[in-house]
Amino acid sequence: MATTPVAKIRTKKILERRRVPAAVRRLRPVFQIAFLALNVWIAAQFYFFVRQFEVGAPAYTVSRPPGVEGWLPIAGLMNLKAFLLTGSIPEIHPATMFLLGTFLIMSLLFRKAFCSWLCPVGTLSEWLWKAGRNLFGRNFSLPRWLDVGLRGLKYILLALVGYVVAAMSVEGIRAFLDSPYGIIADVKMLNFFRHLGVTAAVVLAILAIASVFVQNFWCRYLCPYGALMGLAALASPLRIRRDAALCIDCAKCAKACPSHLPVDVLIQIRTAECLGCMECVNVCPAEGALDMQAFGRRRVPSWAVAAGVALLFVGMAAYARISGHWESNVPNAVYERLIPHASEFEHPR
Ligand code: SF4
Ligand code: SF4
């Protein structure tokens with residue numbers, strides 16, 4: 001006689017109930033807050049670095065934080081291409097290449113862990129949809145046809161960026177990054193946010209409001225950086241795996257998944273949309289039913305993902321710093337000449 005779902009749930013709950021310790025569940029929020037704080041600190045230091053040249057300070061006491069280059073992903077792609085073709089580490093904006101490379105390796109090893117454990121935009125997005133859920137009691141989903149169509153947008157944006165970078169020669173990349181615009185691309189970006197135009201402000205407001213209603217609106221539909229991480233994650237040996245024999249069909253995993261993946265019915269999650277956030281694993285009440293697994297079905301717990309993410313990030317920054325490849329090779333005299341005239345430098349064609 002077939003077991004009814006109710007009987008199945010009751011049996012498994014009594015026999016194999018498990019609880020993930022609160023400290024483990026708090027690991028990801030702690031990483032997110034720490035990385036966001038690091039970015040705020042970098043942004044503040046960079047602002048004061050730029051201001052001292054704008055106001056003509058008598059001495060330049062604030063140094064440029066190389067981590068600001070994490071916000072120059074296209075320069076990162078350009079430098080990565082030039083490095084792969086020539087073997088020489090670029091002198092202008094090398095940190096963005098190291099950061100991009102590290103996040104790609106992170107995706108290869110731990111799926112899109114950069115997006116769910118570190119990215120400050122992902123963190124703000126998550127806080128917005130959680131605020132929306134608290135406010136309205138739920139988040140909203142777009143109709144499937146629209147959702148699938150919009151999800152393709154980030155890959156189209158990535159393809160456009162990839163096409164532009166692929167079409168550039170190494171000499172073209174060097175000429176671009178050595179130009180006044182390339183050298184102070186980070187200052188141009190800062191000025192974009194400092195002197196936000198009406199159109200940009202409206203677009204940002206729309207994205208923020210949409211993020212309150214739809215989970216990870218920016219990341220899910222529009223972020224080309226996340227799209228690249230997702231493609232790298234397809235080659236990851238790690239994946240969420242469900243043991244149907246132990247699963248009690250409670251659907252808590254699917255409900256917790258911020259990517260709306262049907263974790264409760266699939267055996268493996270292979271899609272590029274899986275963030276590696278471990279939320280599904282953390283809420284699963286049945287021992288052994290759902291885990292992140294690597295080669296040979298080896299279980300990979302949340303703390304191991306956290307340790308791997310931290311080691312990769314800290315190790316990369318330490319290596320680049322110790323080997324002398326973390327900072328752009330630009331003397332203050334050049335910044336002194338360029339920064340006060342930043343608005344005059346147009347994007348080279
Ligand atoms: S399947 Fe699990 S790890 Fe992947 S995004 Fe969903 S909740 Fe996160
Ligand atoms: S795998 Fe999902 S559906 Fe199955 S027991 Fe765990 S949370 Fe419930």
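**Exercise 1. The shell around ligand 1**

How do the residues of the shell around ligand 1 divide into nonpolar, polar and charged?

Solution. The model is a predicted one, and the first step is to collect the residues that surround the ligand. Ligand 1 is surrounded by 15 residues, and the closest are Cys257, Cys274, Leu275, Cys277 and Cys280. The second step is to sort the shell by class, which gives 12 nonpolar residues, 2 polar ones and 1 charged one.

**Exercise 2. The shell around ligand 2**

State how many residues surround ligand 2, name the closest, and give the classes of the shell.

Solution. Around ligand 2 there are 14 residues, with Cys247, Cys250, Cys253, Asp264 and Cys284 as the closest. Sorted by class, this shell holds 10 nonpolar residues and 4 charged ones, while no polar residue is found in it.

**Exercise 3. The packing of H5 and H15**

Describe the geometry with which helix H5 packs on helix H15, and then the residues that make the contact.

Solution. Begin with the angle and the distance: H5, which covers residues 94-110, and H15, which covers residues 224-233, pack at about 45°, and their axes are 7 Å apart. Because an angle of about 45° is neither under 35 degrees nor in the range 65 to 115, H5 is oblique to H15. The handedness comes next, and the crossing of the two helices is right-handed. On the side of H5 the contact is made by Phe103, Leu104, Ser107 and Leu108, and on the side of H15 by Met229, Ala232 and Ala233. By class, the contact of H5 with H15 comprises 6 nonpolar residues and 1 polar residue, with no charged ones.

**Exercise 4. Ala95 and Asn216**

Decide whether Ala95 and Asn216 are each buried or exposed, and place them in the chain.

Solution. Ala95 belongs to helix H5. It has 25 other C-beta atoms within 10 Å, and since 20 or more are needed for a residue to be buried, Ala95 is buried. Leaving aside neighbours within four places in sequence, the contacts of Ala95 are with Pro66, Gly67, Glu69, Ala320 and Trp326.

Asn216 lies in the loop between helix H13 (198-213) and helix H14 (217-221). With 24 other C-beta atoms within 10 Å, Asn216 is likewise buried. The C-alpha atoms of Ala95 and Asn216 are separated by 27 Å, and the two residues stand 121 residues apart along the chain.

**Exercise 5. Positive phi values**

What is the phi of Asn216, and what is the phi of His260?

Solution. As a background step, most residues other than glycine have a negative phi. For Asn216 phi is near 50°, a positive value in a residue other than glycine. For His260 phi is near 60°, again a positive value in a residue other than glycine. His260 sits in the loop between helix H16 (252-256) and strand S2 (268-269), and this residue is partly exposed, with 15 other C-beta atoms within 10 Å.

**Exercise 6. Two loop residues and a helix residue**

For Val265, Gly288 and Ala166, give the location, the exposure and one C-alpha distance.

Solution. Val265 is in the loop between H16 and S2, where 13 other C-beta atoms lie within 10 Å of its own, so Val265 is partly exposed. From Val265 to Ala34, which are 231 residues apart along the chain, the C-alpha separation is 34 Å.

Gly288 is in the loop between helix H17 (279-283) and strand S3 (290-294). It has 13 C-beta neighbours inside 10 Å and therefore counts as partly exposed. Between the C-alpha atoms of Gly288 and Arg17 the separation is 9.5 Å, although their places lie 271 residues apart along the chain.

Ala166 is part of helix H9 (residues 153-167). It has 10 C-beta neighbours inside 10 Å, and since 12 or fewer makes a residue exposed, Ala166 counts as exposed. Its C-alpha atom is 8.5 Å from that of Met78, and the two residues are 88 residues apart in sequence.

**Exercise 7. The buried residues of H12**

Which residues of helix H12 are buried, and against which helices do they pack?

Solution. In H12, which runs over residues 185-194, Ala185, Asp186 and Val187 are buried. The buried residues of H12 pack against helix H3 (27-54), helix H4 (73-86) and helix H11 (180-183).

Conventions:
Residues are numbered from 1 along each chain as its sequence is written. Chains are lettered from A and ligands numbered from 1 in the order in which they are written. This is a predicted model: local features need pLDDT of at least 70, side-chain atom pairs count only at pLDDT 80 or more; totals for chains, interfaces and linings use all residues. A residue is near a molecule or strand if its C-beta atom, placed from the backbone, lies within 6 Å of it. Ala, Val, Leu, Ile, Met, Phe, Trp, Tyr, Cys and Pro count as nonpolar, Asp, Glu, Lys and Arg as charged, and the others, Gly among them, as polar. Axes are lines fitted to C-alpha atoms, for helices over the stretch in contact, and angles run from 0 to 180 degrees between N-to-C directions. Helices (H or I, at least four residues) and strands (E, at least two) are DSSP runs, numbered from the N terminus. Angles under 35 degrees count as roughly parallel, over 145 as roughly antiparallel, 65 to 115 as roughly perpendicular and the rest as oblique. A crossing is left-handed if the near helix is turned anticlockwise from the far one by less than a right angle, and right-handed if clockwise. Two residues are in contact if their C-beta atoms, placed from the backbone, lie within 7 Å.
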